[in-house]
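Here is a short briefing on one protein chain. Please look over the sequence and the structure first.

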Amino acid sequence: MPILTNGATHSAEQFRALVKDLARGSEGITAGTDLKVTQLSTPGGGVQIAEGSGIVLGRVSAFQGAYACRNQGSATVSIAATGAGTGRSDMIILRVEDKEYEGNIDPATGQVNYFQVISNVSGSATSIPDGRTGIPLARIDIPSSTSTITNAMITDLRKIANPRRERSQVIHSPTGTSAAITNSNSVWQTFSTEPGVTVAVPSWASKAIISIDIAQLRYTTAQFIGLLRATFGSSLTLQSVILDDNQTAVRRVSTFVSDTLTIPDTYRGTSQLLRPQATGTTGNTGNVSVDASTTLRYDIEFLEAPR
């Protein structure tokens with residue numbers, strides 16, 4: 001029976017099948033900050049789990065579907081202390097126990113989804129070590145004789161069920177020949193006629209894959225020895241590449257810079273300037289510039305990941 005048909009009766013299994021379809025068969029947290037496991041505000045014998053939601057695939061039956069779960073507010077989970085001479089690794093998971101398939105929790109009076117500690121897992125475990133229905137959130141590697149859990153012991157195991165991605169490309173051509181960059185002291189300079197692009201950073205972005213293609217840089221005067229890079233906002237810098245040319249006449253070369261950057265909290269939901277820079281290094285005697293015959297392609301892709 002198709003779901004939501006007038007006059008029909010629809011089972012919970014049908015709605016779970018709908019959740020699975022909408023999640024494209026994936027499971028995990030919904031957004032990057034959901035259900036993060038951290039130390040208590042005053043570190044002690046437990047951890048706190050942030051609010052948020054997630055999708056959990058049923059593993060008991062092929063037709064079980066997927067569960068949409070939510071933690072409203074922060075939750076606290078106790079972690080047992082370790083004894084003298086031996087450490088232990090525990091895994092914290094979001095567990096679903098549906099008595100239609102397993103267990104005996106009455107959903108009218110009990111919590112079908114809950115946080116569960118699987119004690120004494122492998123120190124390299126990243127997935128639930130048995131077939132229970134749940135998703136891993138964190139592994140806690142506890143030294144011997146320890147009763148206080150700190151962030152240094154917590155390995156984040158969360159995955160986003162359907163991470164968001166957003167890509168844009170912007171094409172620029174300078175208005176004219178820029179002032180030549182001629183230095184040899186490794187002081188970075190921007191191209192005066194290439195203002196860069198202002199990029200809107202999504203509020204959910206965790207990483208950015210950025211590439212700037214330049215066709216073509218213009219060399220003059222003498223051989224150029226230096227570097228090319230780009231800055232993104234006030235605190236991020238793309239890895240530099242070498243500019244190394246041993247000719248003397250006017251000549252051109254195509255090049256690019258590219259990097260994967262971690263987005264800081266202060267960037268999310270703001271606009272930031274992405275702009276190339278160049279510098280001459282020791283021994284440089286040449287000039288580099290861009291002009292009206294230069295084309296720059298800015299390629300920016302934002303990705304969502306747990307944070």
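In what order do the 3 strands of the open sheet E2, E3 and E6 stand, and is the pairing parallel or antiparallel? The order is E2-E3-E6, and the pairing is antiparallel. The model is predicted. Its secondary structure comes to 1 helix and 20 strands.

**Overall form**
- The radius of gyration of the protein chain is 27 Å, whereas a compact globule of 307 residues would have one near 19 Å.
- Along its principal axes, the C-alpha trace spans about 80 × 65 × 30 Å.
- Of the 307 residues, 44% are buried.
- The accessible surface comes to about 14900 Å². Carbon and sulfur atoms hold 49% of that surface.
- Take the contacts between residues at least 6 apart in sequence: 75% of them join residues at least 24 apart.

**The three-stranded open sheet**
- Strand E2 (37-44) and strand E6 (75-78) stand at the edges of the sheet. Each has a single partner strand, so one side of each lacks a neighbour in the sheet.
- Neighbouring strands here are turned by 40° against each other on average, direction ignored.
- Strand E3 (residues 46-49) and E6 run antiparallel and are joined by 4 bridges.
- Within that pair, Gly46 has Ser78 of E6 as its bridge partner.

**The largest nonpolar core**
- This core has 32 residues. Phe232, Ile263, Leu274 and Phe302 touch the most other members.
- Seen by element, two or more residues each come from strand E13 (197-200), strand E14 (207-220), strand E15 (224-232), strand E16 (236-245), strand E17 (251-262), strand E18 (271-280) and strand E20 (295-303).
- E14 gives the most to this core, with 6 residues.
- Another core lies apart from it. That one has 25 residues, including Leu35, Ile92, Ile140 and Ile142.

**Around Ile263**
- Which residues are in contact with Ile263, leaving aside its neighbours within four places in sequence? They are Val201, Ala205, Ser206, Lys207, Ala208, Phe232, Leu236, Arg268 and Phe302.
- Two of these partners, Phe232 and Phe302, are listed with Ile263 among the residues that touch the most other core members.

**Strand E13**
- In a regular strand the side chains alternate between the two faces of the sheet.
- E13 shows this alternation: Val197 and Val199 point to one face and are buried. Thr198 and Ala200 point to the other face and are not buried.
- E13 and E18 run antiparallel, with 4 bridges between them.
- Opposite Ala200 stands Ser271 of E18.

**Backbone details**
- Ala215 and Gln216 are joined by a cis peptide bond, with omega at about 10°. Gln216 lies in strand E14.
- Thr221 is in the loop between E14 and E15. Its phi is near 75°, a positive value in a residue other than glycine.
- Is Thr221 buried or exposed? Thr221 is exposed, with a relative accessible area of 54%.
- Ser145 also has a positive phi, of about 55°, although it is not a glycine.
- Ser145 sits in the loop between strand E9 (134-142) and strand E10 (154-156). Ser145 is exposed, and its relative accessible area is 51%.

Methods: Residues numbered from 1 in each chain as written. Predicted model: local features only at pLDDT ≥ 70, side-chain atom pairs only at ≥ 80, totals over all residues. Heavy atoms only, no water. Core = buried A, V, L, I, M, F, W, Y, C linked by side-chain atoms within 4.5 Å. Buried < 20%, exposed > 50% of the residue type's maximum accessible area, 1.4 Å probe, protein only. Contact = heavy atoms within 4.5 Å. Pairing = 2+ DSSP bridges. Axes fitted to C-alpha atoms, helices over the stretch in contact; angles between N-to-C directions. Rg over C-alpha atoms; globule rule 2.2 N^0.38 Å. Areas by Shrake-Rupley, 256 points an atom, 1.4 Å probe, with all protein chains shown as cover.
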